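Here is a friendly round of questions and answers for a newcomer. Each answer sets a value beside the rule that gives it its name.

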Amino acid sequence: MNIAGEKEQSVYIYAYRWPDRQDLPSHELLRRAVSRYLGKEIADITVCRDEEHGKPYIRELLQVHFSISHSADRWACAVSGAEVGLDLQEAGIADGEKLARRFFHPSEIAWLKENGFEEFTRLWTCKESYVKYTGTGLREGLDYFSVVDGSLPVCQQEISFREGFYMVVTTEEKVPVHLFCEQ
């Protein structure tokens, strides 16, 4: 299957509300999002992990890239024809200052001191989106890079999702982002 044109150059985010996380495995969310992205029902998909970083990919659709995130009862899946990272976080982490000092790059701690530690969740969302994009995940830590100093070789876009949540998508360059929300 060839993904051409606008879809290849865009990110499609499918967001869903599931009150009981146990009833929705991420595999089903991915199947639904990929079906909507491709415009046809996909009965089943096989998710594998690359050997270098462990980043997940779809065995049957190597040209379809995805990233899944959830927070509280909200789930989202970004789908694109190019590498993508997505993170979704409910605002209001209780002790952002303590967590930042433990996990963040020194330039981010300085930025938070200047701008307020209530911005912690926004930065955390950017950082998780980036490690999902690269495929490194959290195993490398979060302090080896900064999302505030302009040094990352990627584009991060904050997506207006819903009040009380942050959503960030990371791509190689700025691309159109389309958000579809379902109850």
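Q: Where is Ser67 found, and what makes it count as buried?
A: Ser67 sits in strand β4 of this predicted model. Buried means under 20% relative accessible area, and Ser67 has 5%, so the word applies.

Q: Which residues is Ser67 in contact with, leaving aside its neighbours within four places in sequence?
A: Ser67 touches Ala76, Cys77, Ala78, Val84, Gly85, Leu86 and Lys132. As for Val79, twelve residues from Ser67 along the chain, the two C-alpha atoms are separated by 6.8 Å.

Q: Why is Ile58 called buried?
A: The cut-off for buried is under 20%, and Ile58 has a relative accessibility of 0%, so it qualifies. Its place is in strand β3, residues 56-58. Leaving aside neighbours within four places in sequence, Ile58 is in contact with Leu30, Val34, Ile45, Thr46, Val64 and Phe66. Thr170, on the other hand, is 112 residues from Ile58 along the chain, with 19 Å between their C-alpha atoms.

Q: Which residues have the most contacts inside the largest nonpolar core?
A: They are Leu30, Val34, Ile58, Val64 and Cys77, in a core of 20 residues. At least two core residues come from each of β1 (11-17), α1 (26-38), β4 (65-71) and β5 (74-80). Helix α1 gives the most, with six residues. A second, separate core has 18 residues, including Ala100, Leu123, Tyr133 and Val168.

Q: How do you know that Cys77 is in no disulfide?
A: A disulfide needs two cysteine sulfur atoms within 2.5 Å. The nearest cysteine sulfur to that of Cys77 belongs to Cys181 and is 13 Å away, so the pair is too far apart for a bond. A search of the whole structure finds zero disulfides.

Q: Are Cys77 and Cys181 buried, partly exposed or exposed?
A: Cys77 has a relative accessible area of 0% and is therefore buried. Cys181 has 48%; partly exposed covers the range between 20% and 50%, so Cys181 is partly exposed.

Q: What makes helices α3 and α4 roughly antiparallel?
A: Helix α3 (residues 106-115) and helix α4 (residues 120-134) pack at an angle of about 150°. Angles over 145 degrees count as roughly antiparallel, so the description fits this pair. Their axes are 10 Å apart, and α3 passes α4 in a right-handed crossing.

Q: Which residues meet where α3 and α4 come together?
A: From α3 there are Glu108, Trp111 and Leu112, and they meet Phe120, Leu123 and Lys127 of α4.

Q: Why does Thr134 count as partly exposed?
A: Thr134, found in helix α4, has 24% relative accessibility. Since partly exposed lies between the 20% and 50% cut-offs, Thr134 belongs there. The C-alpha atoms of Thr134 and Ile42 are 26 Å apart, and the two residues are 92 places from each other along the chain.

Q: What is notable about the phi of Ala72?
A: Phi is near 55° for Ala72, a positive value in a residue other than glycine. Most residues other than glycine have a negative phi. Ala72 lies in the loop between β4 and β5. With a relative accessible area of 34%, it falls between the 20% and 50% cut-offs and so counts as partly exposed.

Conventions
Residues are numbered from 1 along each chain as its sequence is written. This is a predicted model: local features need pLDDT of at least 70, side-chain atom pairs count only at pLDDT 80 or more; totals for chains, interfaces and linings use all residues. Side-chain values use heavy atoms; hydrogens and water are left out. A nonpolar core is a set of buried Ala, Val, Leu, Ile, Met, Phe, Trp, Tyr and Cys residues joined through side-chain atoms within 4.5 Å. Buried means under 20% relative accessible area, exposed over 50%, partly exposed in between (1.4 Å probe, protein chains only). Helices (H or I, at least four residues) and strands (E, at least two) are DSSP runs, numbered from the N terminus. Axes are lines fitted to C-alpha atoms, for helices over the stretch in contact, and angles run from 0 to 180 degrees between N-to-C directions. Angles under 35 degrees count as roughly parallel, over 145 as roughly antiparallel, 65 to 115 as roughly perpendicular and the rest as oblique. A crossing is left-handed if the near helix is turned anticlockwise from the far one by less than a right angle, and right-handed if clockwise. Contact means heavy atoms within 4.5 Å.
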